[in-house]
Amino acid sequence: MSIDQASWEAAVRHLYEDGFAFIATGPRKHEDWRADVLAVMGRAVSDPRGWAGLDDTASARSVEYPAVPFCRPSFRDDPSRPLTPADIGERLREIDRASAETLLLALTDGGCTLRNLERFAGSFDELQDMARTILARYGEAFICYTNVRSVGHVGTLDFGGKSVGWMPMTFYGEDCGLVVVSETEVGLFWAFDDV
């Protein structure tokens, strides 16, 4: 599937503009992709293609804390300590492509469930096509990671259960996300809920 800027941005806007989200892509410059994830979280890099993402958390940034909300490693640690590549590695686990498509739909609003889709007029198949459009940007050989924890086989997510858990990456009451890593780009898709 080939995509262009207009189709990718339209899919991102349609799925996430009514939620509370951080959607951004940056260049892949390091062998250790976690360093590139931190650069995107800290807004230290811009989209290599110039495509628009979403940043509903931009107003909370400051010169002292440019990575807000991605600046809290865990409940027990100092919340002002920046995240490190090790923190990223501890909180993310690899998932398969099908799980990533479904997760993109669950991230459309707080709660990280497929019940979020009830607010859309389109069919599930139409929404799933938008998720596939978003992932198509990263080519065929990408790897997906998430901080979401749910019952499922190794490498999969199961949204049929009552709720999912997550490893916190921010100071919000809930933050669930997807990281897409290709040879040239790193994409972040994060939804927040202040529960």
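A salt bridge is a side-chain nitrogen of Lys or Arg within 4 Å of a carboxyl oxygen of Asp or Glu. With that in mind, this predicted model holds 13 salt bridges. The legends below visit some of them, along with rings and a few other residues.

**Figure 1. The whole protein has 5 helices and 8 strands.**
Starting at the N terminus, the order of the elements is α-β-α-β-α-β-α-α-β-β-β-β-β. Of the 195 residues, 50% are buried. The exposed surface comes to about 9,200 Å², with carbon and sulfur atoms supplying 52% of it. Take the contacts between residues at least 6 apart in sequence: 68% of them join residues at least 24 apart.

**Figure 2. Arg119 meets Asp18 in a salt bridge.**
Here the N to O distance between the two side chains is 3.7 Å. Arg119 belongs to the loop between H4 and H5, while Asp18 belongs to the loop between helix H1 (5-16) and strand E1 (21-27), so this pair ties together parts that are 101 residues apart in sequence. Are the two partners buried or exposed? Arg119 is partly exposed, at 35% relative accessibility, and Asp18 counts as exposed, at 58%.

**Figure 3. Arg119 also forms a salt bridge with Asp109.**
In this view the side chains of Arg119 and Asp109 come to 3.8 Å, N to O. Both residues lie in the loop between H4 and H5, so the pair ties together parts that are 10 residues apart in sequence. Asp109 is partly exposed, with a relative accessible area of 28%.

**Figure 4. Helix H3 (residues 85-91) holds a salt bridge between Arg91 and Asp87.**
The closest N and O atoms of Arg91 and Asp87 are 3.8 Å apart. Along helix H3 the two residues are 4 apart, which is about one turn of the helix. A residue counts as buried under 20% relative accessible area. Arg91, at 4% relative accessibility, is therefore buried, and so is Asp87, at 5%.

**Figure 5. A network of salt bridges links Asp47, Arg49, Arg137 and Glu185.**
Two members of this network also sit over rings. The charged end of Arg49 is over the ring of Trp51, at 4.9 Å from its centre. Arg137, in turn, lies over the face of Trp8, 4.8 Å from the ring centre.

**Figure 6. Trp33 and Tyr145 form a stacked aromatic pair.**
A search of the whole structure finds 7 aromatic pairs. In the pair of Trp33 and Tyr145, the centres are 4.2 Å apart and there are 20° between the planes. Which parts of the protein does this pair tie together? Trp33 lies in helix H2 and Tyr145 in strand E4 (residues 143-146), so the joined parts are 112 residues apart in sequence. Trp33 counts as buried at 15% relative accessibility, and Tyr145 is buried too, at 13%.

**Figure 7. Tyr138 and Phe189 make an edge-to-face pair.**
The ring centres of Tyr138 and Phe189 lie 6.4 Å apart and the planes meet at 85°, so the pair is edge-to-face. Tyr138 is in the loop between H5 and E4, and Phe189 is in strand E8 (residues 185-193), so the pair ties together parts that are 51 residues apart in sequence. Tyr138 is buried, at 4% relative accessibility, as is Phe189, at 0%.

**Figure 8. Ring pairs link five residues into a cluster: Phe20, Phe22, Phe70, Trp190 and Phe192.**
To follow the cluster, look for the rings of Phe20, Phe22 and Phe70, then find those of Trp190 and Phe192.

**Figure 9. Helix H4 (97-106) is largely enclosed by the rest of the structure.**
Why can we call H4 largely enclosed? The reason is that 8 of its 10 residues are buried. The buried residues of H4 are Ser99, Ala100, Glu101, Thr102, Leu103, Leu104, Leu105 and Ala106.

**Figure 10. Arg43 and Cys112 each have a positive phi without being a glycine.**
For Arg43, phi is about 55°. This residue, Arg43, lies in the loop between helix H2 (33-41) and strand E2 (54-55). At 18% relative accessibility, Arg43 counts as buried. For Cys112, phi is near 50°. Cys112 sits in the loop between helix H4 (97-106) and helix H5 (124-136), and counts as buried at 1% relative accessibility.

Technical notes:
Residues are numbered from 1 along each chain as its sequence is written. This is a predicted model: local features need pLDDT of at least 70, side-chain atom pairs count only at pLDDT 80 or more; totals for chains, interfaces and linings use all residues. Side-chain values use heavy atoms; hydrogens and water are left out. Buried means under 20% relative accessible area, exposed over 50%, partly exposed in between (1.4 Å probe, protein chains only). Contact means heavy atoms within 4.5 Å. Accessible areas come from the Shrake-Rupley method with a 1.4 Å probe; for residues, only the protein chains shown count as cover. Rings of Phe, Tyr and Trp (its six-membered ring) pair if their centres lie within 6.5 Å; planes under 30 degrees apart count as stacked, over 60 as edge-to-face and the rest as tilted. A charge sits over a ring if NZ of Lys or CZ of Arg is within 6 Å of the ring centre and within 35 degrees of the ring normal.
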